[in-house]
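Me: I would like to learn how to read a structure like this one. Could we go through it feature by feature?

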Protein chains: 2
Amino acid sequence: MERHFEHDLEELKERLLWMASLSEHAVHRAVQAVFEKNEAFATEVLEGEKAINDMQIEIDDRVMQLLALQAPMAVDLRFILATSRINNDLERIGDQAVNIAQSALRILRHPQVKPYVDLPRMSDLAEGMVRDSIAAFIRRDDELAKSVLIRDDLVDSLRDQIFRELLTYMMENSAVVYPAFELILVTKNLERIGDHATNIAEDVIYIVAGRDVRHLAADRR
Amino acid sequence: MERHFEHDLEELKERLLWMASLSEHAVHRAVQAVFEKNEAFATEVLEGEKAINDMQIEIDDRVMQLLALQAPMAVDLRFILATSRINNDLERIGDQAVNIAQSALRILRHPQVKPYVDLPRMSDLAEGMVRDSIAAFIRRDDELAKSVLIRDDLVDSLRDQIFRELLTYMMENSAVVYPAFELILVTKNLERIGDHATNIAEDVIYIVAGRDVRHLAADRR
């Protein structure tokens, strides 16, 4: 029984890793679709959504099974509940990739807005946060998880800067109002991807330290 | 033991109801702050964030306790896991209310954009969805939950319509670019509130029917 449980836990972890790689890839492709005006990449992301959704449900089913059949305690219980939450965040990251891909398809039809301001920097940052939050989960590395939390402030300040630039363009030239609006949406999507990575990092700290760090940043404000 | 468990479940439900009322109230006040340009309402929402965050952590602790000490099966396990997810959605709804309140404070400083287009209709709709998703949870009413799912399409089409109008204003008059941009953010926040209510409604259907309806709508597209 005990051995079986360890095996199931290991499998759960592998599925979550697979789920993470699907979501990460979707974000990367979606962002490429925007920057390179690549329609095929955008379509690839839209078509990949179902695989991510199916994987989410499979992982949730495994979580339910483990909880129902094994009644895990303490450390394992914390790990399984965190896995369930991370699974949820990864699926939402996939949703954001879909939104970005949809924006990419609409942006194709408009003239380009300047050299995309600081968006590529923001997307690199957000993608790195997702990657590192998952790496932190796998290695139970709470230092790496903390570095993700810190980067979220950088994402927010980049967002504000990009908004300011886009609004300036919109005021100067009404012809770019539409494409600049799409870039506002993409910026919001990247911000949310950073938020989800932050949630994952908080869950890692919760698993490693057994301490709930959610809202610490918010309450400090 | 059994009796104790029932009592704990009942208490968990009551806490979740309390959490729901805090989040609902925050959304209502935040939206009022925008429409009535009421600074005091916006401040009230910002100050209320901590209570919502604290309640989320309390509910999560109760969920952990119940899972660890009682090892619930089947129906109860499903109910407890759904409660944990709904708790999460309610906290995010509170976050959206905070974002709207922050927009309200910035909007105060600008001239008003027309008669706020269809935003009041969209906010009524989103607030109603939150209210009904929670009512459906309490009464285990899957018909009411389904009506919430249907309304989400209406929220999305209202969002598109509001975006179109705001972009038209921005193109016609560069003086409204800033306040119209804030209203774009508020529209996005209301859309997300509708999404969270939809998540809650899906969890209700999951509890009542034991069927996972997530992604059905997405896959149909």
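Me: How do helix α6 of chain A and helix α5 of chain B pack, and at what angle?

Reply: This is a predicted model, so keep in mind that every value here is computed from it. To read helix packing, look at the angle and at the distance between the axes. Helix α6 of chain A covers residues 177-209 and helix α5 of chain B covers residues 142-172. They pack at an angle of about 130°, with their axes 10 Å apart.

Me: Are α6(A) and α5(B) parallel or oblique to each other?

Reply: Angles over 145 degrees count as roughly antiparallel and 65 to 115 as roughly perpendicular, and the rest, apart from those under 35, as oblique. α6(A) and α5(B) are therefore oblique. You can also give the crossing a hand: α6(A) passes α5(B) in a right-handed crossing.

Me: Which residues make that contact?

Reply: From α6(A) come Val177(A), Tyr178(A) and Phe181(A), and from α5(B) come Leu167(B), Met170(B) and Met171(B). Sorted by class, the contact has six nonpolar residues, with no polar and no charged ones.

Me: What about α5(A) and α6(B), at what angle do they cross?

Reply: Read that pair in the same steps. The axes of α5(A) and α6(B) cross at roughly 130° and come within 10 Å. These two helices are therefore oblique to each other, and their crossing is right-handed. On the α5(A) side you find Leu167(A), Met170(A) and Met171(A), and on the α6(B) side Val177(B), Tyr178(B) and Phe181(B). By class, this contact has six nonpolar residues, no polar and no charged.

Me: Let us pick one residue. Is Phe181(A) buried or exposed?

Reply: Burial is judged by counting neighbours: a residue is buried if 20 or more other C-beta atoms lie within 10 Å of its own. Phe181(A), which sits in helix α6 of chain A, has 24 C-beta neighbours inside 10 Å and so counts as buried. You can also look at a distance across the chain. Phe181(A) and Ile100(A) are 81 residues apart along the chain, and their C-alpha atoms are separated by 13 Å.

Me: Now a pair inside one chain, please. How do α4 and α6 of chain B pack?

Reply: Helix α4 (residues 119-139) and helix α6 (residues 177-209) of chain B pack at an angle of about 20°, and their axes are 9 Å apart. Angles under 35 degrees count as roughly parallel, and α4(B) and α6(B) are therefore roughly parallel to each other. α4(B) passes α6(B) in a left-handed crossing.

Me: Which residues meet there?

Reply: Among them, α4(B) contributes Leu119(B), Met122(B), Ala126(B) and Phe137(B), while α6(B) contributes residues including Leu183(B), Leu190(B), Gly194(B) and Val204(B). The residues of this contact divide into 16 nonpolar, four polar and no charged.

Me: What does Ala126(B) touch?

Reply: Leaving aside residues up to four places away in sequence, Ala126(B) touches Val155(B), Leu190(B), Ile193(B), Gly194(B) and Ala197(B). Ala126(B) belongs to helix α4 of chain B and is buried, with 29 other C-beta atoms within 10 Å. Its partner Leu190(B) is 64 residues apart from Ala126(B) along the chain, yet their C-alpha atoms are separated by 6.4 Å.

Me: Where does Arg140(A) lie, and what is its phi near?

Reply: Phi is a backbone angle, and its sign is what to look at here. Arg140(A) lies in the loop between α4 (119-139) and α5 (142-172) of chain A. Its phi is near 50°, a positive value in a residue other than glycine. Arg140(A) is partly exposed, with 13 other C-beta atoms within 10 Å.

Me: And is Arg140(B) buried or exposed?

Reply: Arg140(B) is exposed, with 12 other C-beta atoms within 10 Å; 12 or fewer is the cut-off for that word. Arg140(B) lies in the loop between α4 and α5 of chain B and has a positive phi of about 50°, although it is not a glycine.

Me: To finish, how many helices and strands are there in chain A?

Reply: Chain A has seven helices and zero strands, and along the sequence the pattern reads α-α-α-α-α-α-α. For overall dimensions, picture a box of roughly 65 × 40 × 20 Å along the principal axes, filled by the C-alpha atoms of chain A. Buried residues make up 44% of its 221 residues.

Key
Residues are numbered from 1 along each chain as its sequence is written. Chains are lettered from A and ligands numbered from 1 in the order in which they are written. This is a predicted model: local features need pLDDT of at least 70, side-chain atom pairs count only at pLDDT 80 or more; totals for chains, interfaces and linings use all residues. Axes are lines fitted to C-alpha atoms, for helices over the stretch in contact, and angles run from 0 to 180 degrees between N-to-C directions. Helices (H or I, at least four residues) and strands (E, at least two) are DSSP runs, numbered from the N terminus. A crossing is left-handed if the near helix is turned anticlockwise from the far one by less than a right angle, and right-handed if clockwise. Two residues are in contact if their C-beta atoms, placed from the backbone, lie within 7 Å. Ala, Val, Leu, Ile, Met, Phe, Trp, Tyr, Cys and Pro count as nonpolar, Asp, Glu, Lys and Arg as charged, and the others, Gly among them, as polar.
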